[in-house]
2 protein chains.
Amino acid sequence: MGDLVQEAHVRLRSQGGRMTTQRRLLFSILDSLGEHPTAEELFHIARQRDSTLNLSTVYRTLRWLENENLVSTRVFAEDRRQERFDAALPSEHHHFMCTNCRTVIEFDTELLEFIKLRFQEKNDASVTTGSIVLYGLCRNCLRTERGLNQEST
Amino acid sequence: MGDLVQEAHVRLRSQGGRMTTQRRLLFSILDSLGEHPTAEELFHIARQRDSTLNLSTVYRTLRWLENENLVSTRVFAEDRRQERFDAALPSEHHHFMCTNCRTVIEFDTELLEFIKLRFQEKNDASVTTGSIVLYGLCRNCLRTERGLNQEST
DNA sequence: AAAATTACTGCAAATGATTTGCAATAAGAG
DNA sequence: CTCTTATTGCAAATCATTTGCAGTAATTTT
């Protein structure tokens with residue numbers, strides 16, 4: 001959607017970095033992909049277009065994006081210790097993960113602000129960020145499961 | 001607080017398991033510890049009382065507790081990929097982590113229910129759990145930082 | 001446009017957290 | 001107290017991610 005390739009190019013230029021074939025490929029995949037891939041998933045997708053691409057390049061590119069605040073990284077409970085990368089730009093948003101197919105859906109809420117404020121008051125702390133993660137079944141998996149239940153009845 | 005040692009003993013008994021010295025030690029530390037230790041932290045504490053204890057026993061014990069739903073496991077953004085274990089019993093509660101000292105503070109809120117409901121409606125999904133994590137500075141670190149700022153002024 | 005500079009890549013080996021196979025040990029039943 | 005077998009310590013394996021290094025390819029300079 002938003003042109004990650006452009007934005008990244010500008011930043012690279014301003015810091016003496018180089019726009020390589022590998023980076024351009026990864027940026028554009030991340031940009032168009034409406035998902036939250038793991039490094040490995042991104043690697044597999046990219047590999048179909050450049051069969052010599054290496055996994056460490058994927059990691060290096062993702063870490064660079066992370067430092068530039070162009071992607072955010074998180075570990076969902078379902079994935080245990082594997083990171084997922086989200087190319088959505090800044091705006092604070094939250095996530096739902098389907099415990100069945102691991103699809104991630106983003107959502108917004110203003111209610112977190114109240115939660116932050118209340119926590120700060122009660123604890124004399126200063127809250128800078130916060131995130132909500134919901135788990136459950138997405139529409140598709142819910143439908144499938146209903147189907148399965150009917151069959152088994 | 002709640003007697004994890006007791007509860008665990010009952011469950012072990014009912015499944016032909018054994019209450020060993022190592023387990024008793026780990027259970028009681030987890031039970032009294034008002035923190036969210038990593039496996040390594042728990043290991044160091046326990047080691048002071050049993051110098052032959054092995055890290056893999058710590059992991060095995062934690063996983064058993066996790067399966068029994070007596071501890072919950074999560075990865076906070078600040079820790080990257082390292083897990084923290086929480087011996088608090090069932091009730092849904094949420095976490096604040098100080099990005100400076102990594103202390104974890106628990107809190108409650110009823111607002112998450114509204115967030116879940118709204119998400120379900122909008123997405124035809126079924127949400128089973130959800131968790132909120134806040135990041136910022138705790139009271140102590142906030143105080144220290146103010147102090148430091150003053151000194152440096 | 002070729003040469004020079006050096007950031008970036010692929011590869012292989014290293015790291016850090018967690019897991020697992022196995023032989024030795026020790027709970028708990030009888 | 002003996003026997004059975006769940007559990008432990010140890011070392012090696014695994015999984016995700018990182019890093020050193022020598023070769024490659026973007027930019028810059030000439």
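**Note on the paired chains and the DNA strand**

1. In this predicted model, strand β5 of chain A and strand β5 of chain B (residues 126-137) run antiparallel and are joined by 11 bridges. To see one of these pairings in the structure, find V127(A), whose bridge partner in β5(B) is G136(B).

2. The pairing of the two strands belongs to a wider contact between the chains, to which chain A gives 31 residues and chain B gives 31 residues. On the side of chain A that touches chain B, at least two residues each are supplied by β4 (104-107), α5 (111-123), β5 (126-137) and α6 (139-151), and the largest share, 12 residues, comes from β5(A). Sorted by class, the residues on this side of chain A are 18 nonpolar, 8 polar and 5 charged.

3. How are the two copies placed relative to each other? In general, two copies of a chain are related by a rotation about an axis and a shift along it. Here a turn of 180° with a shift of 0.0 Å along the axis lays chain A on chain B with an RMSD of 0.0 Å, and this is therefore the relation of a two-fold axis. Within chain A, the C-alpha nearest the axis belongs to I132(A) and lies 2.2 Å from it. Both copies use the same surface, since 100% of the contact residues of chain A recur in chain B.

4. A separate point concerns two helices inside chain A. Two packed helices are described by the angle between their axes and the distance between the axes. Helix α1 (residues 4-14) and helix α2 (residues 21-32) of chain A pack at an angle of about 140°, and their axes are 8 Å apart; α1(A) and α2(A) are therefore oblique to each other. The residues that meet are L4(A), V5(A) and A8(A) from α1(A), and R24(A), F27(A), S28(A), L30(A) and D31(A) from α2(A). By class, this contact has 5 nonpolar, 1 polar and 2 charged residues.

5. Which residues come nearest to DNA strand D? Of the 28 residues around the strand, those that come nearest are S56(A) and E83(A) from chain A, with G17(B), N54(B) and T57(B) from chain B. The surface near DNA strand D receives at least two residues each from α4 (55-67) of chain A and from α2 (21-32) and α4 (55-67) of chain B, and the largest share, 5 residues, comes from α4(A). By class, the residues of this surface are 6 nonpolar, 13 polar and 9 charged.

Notes. Residues numbered from 1 in each chain as written. Chains lettered and ligands numbered in written order. Predicted model: local features only at pLDDT ≥ 70, side-chain atom pairs only at ≥ 80, totals over all residues. Contact = placed C-beta atoms within 7 Å. Helix = DSSP H or I, 4+ residues; strand = E, 2+ residues; numbered from the N terminus. Nonpolar A, V, L, I, M, F, W, Y, C, P; charged D, E, K, R; others polar. Pairing = 2+ DSSP bridges. Axes fitted to C-alpha atoms, helices over the stretch in contact; angles between N-to-C directions. Parallel < 35°, antiparallel > 145°, perpendicular 65-115°, else oblique. Near = placed C-beta within 6 Å. Least-squares fit on C-alpha atoms with pLDDT ≥ 70 in both.
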